[in-house]
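Reader: Could you walk me through this one, showing how each label gets earned?

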Amino acid sequence: MNDTQQTDTLTSRSGPPLHGGVTVPGDKSISHRAIMLGALAEGETEVHHLLEGEDVLRTVAAFRHMGVRINRDGAGIYRIQGVGLDGLREPDDVLDMGNSGTAMRLLSGVLASQPFFSVLTGDDSLRKRPMKRIITPLAQMGARILSRDQGRAPLVIQGSTLIPIEYTLPVASAQVKSAVLLAALNTAGGGAVLEPEQSRDHTERMLSAFGAQVQRDGLRVTVDGWPDLVAQSVVVPGDISSAAFPLVAALLVPDSEVLLQGVGVNPTRTGLLELLTMMGATIEQRQPRQAGGEPIADLHVRHSPLRGIDVPPELIPRAIDEFPIFCVAAALAEGETRLSGAAELRVKESDRIHAMAVGLQALGVEVTELADGLHIIGRPEGLSGGVTVDSFTDHRIAMSLLVAGLRCREPVVVQRCANIQTSFPTFQSILSGLGAVLGA
Ligand code: S3P
């Protein structure tokens, strides 16, 4: 069920303990990749539990514009009639990727080698985000990509024949790694990427599942060119980045106990679980199993008193999307939490360091904003609330501040929440179903 009536302003307040079992929507990163590889394979790929959030639906729409037939059946399964690496058609209009950095960056990698012209744009947030990080390696491969000043979208891509490179990433980024690997896929001789730290590896896993030759040697990933990609049946795991919100809510609200079913626990994504465990959280992984070439488990969470920590820098890439909600956990922990070395947070859907500093300060938390992180002094007794705060149109800031409201003395009103639809369309109904007092 979607929260179709979700308004742009939402309010949360303290209430009863959270109880129950829930299944969160499909993983956003894996959903994008399933559509892309399904389109580039030969034959019919079926995707179960695809995230039907706005970001992924932008990727679906883009491939439909390029002549790929993608249908959703009555059971919610997406069936993609793959056209092969050389079967895409020139889109007859601009491709609008909405709020989705993943869609824009990965698609640029696909389009760089296609023998046609394409233009990619996005919403206000996406048109501010750095695209030079993909233009630079793709240009080294021979791609012709034009952008606005400072490498901002819209991007204009005139596809061309590419040459193999080995690219050393300046920052850990799964999106940049994936853009290069997807371009290399359609390059005689393939290509390689060297990461400074391991970022999420869904592209590599899914490429292998579709029949590509992918080798990992430490932090170096190589893909061979021109594989025969074979259609697959993909089951998308629950998104740990969405599960993070009910999970932290259950940790923070006294007497709560929640079971999150079928959540992806790929080790490149579980940094938040490690950070929270260091803080004293009780989180149990039950029934570990596999889905779509990815590890999944049920996460059992109980309310736990938390204490502040220094975030180990090596955990940052594996928790990169979870820092807004992690900051809420820190705001309600005993003592100080220190995060640094996370400047990447400034170039996400919003400047997440600034957005969380401003939001938590408004709730009465003592926060110091650093160039590359935050220091937060926790208030385990609860926050003040009674204010209106801004999400900066960022889905994860909106959801984080709403979870914070569950531990405030007075209600918290969060403005500009519409983008919750990009990643977690059922956020409101799932949290309310667990007992949270959250609504328009
Ligand atoms: C993503 C990678 C991450 C993450 C984003 C999704 C992906 O970005 O923040 O939400 O699907 O590859 P970076 O690769 O830029 O760190």
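Author: Sure. Keep in mind that this is a predicted model. Let's start with strands S19 and S20, which form a hairpin with 2 residues between them.

Reader: How do you know that S19 and S20 pair?

Author: Pairing takes at least two bridges between the strands. S19 (residues 366-370) and S20 are joined by 5 bridges, so they pass, and they run antiparallel. One of the partnerships links threonine 368 to histidine 375 in S20.

Reader: And what makes S18 and S20 a pair?

Author: The cut-off is again at least two bridges. Here 4 bridges join S18 (residues 336-339) to S20 (residues 373-377), so they count as paired, also antiparallel. Threonine 337 has isoleucine 376 of S20 as its bridge partner.

Reader: Over to the helix. How do you know that the length of H5 agrees with what it should span?

Author: H5 covers residues 174-185, and at 1.5 Å a residue its 12 residues should span 16 Å. The end C-alpha atoms sit 16 Å apart, so the two agree.

Reader: Why is H5 called mostly covered?

Author: Buried means under 20% relative accessible area, and 12 of the 12 residues of H5 are buried, so the label fits.

Reader: What makes arginine 33 a polar contact of the ligand?

Author: The limit is 3.5 Å between N or O atoms. A side-chain N or O atom of arginine 33 is 2.6 Å from a ligand oxygen, so that's a contact. Lysine 348, at 2.7 Å, qualifies as well. Taken alone, the ligand exposes 380 Å², and the protein buries 95% of that.

Technical notes: Residues numbered from 1 in each chain as written. Predicted model: local features only at pLDDT ≥ 70, side-chain atom pairs only at ≥ 80, totals over all residues. Heavy atoms only, no water. Expected span 1.5 Å × (residues − 1). Buried < 20%, exposed > 50% of the residue type's maximum accessible area, 1.4 Å probe, protein only. Polar contact = N/O pair within 3.5 Å; in protein donor to acceptor, adjacent residues only side chain to side chain. Areas by Shrake-Rupley, 256 points an atom, 1.4 Å probe, with all protein chains shown as cover.
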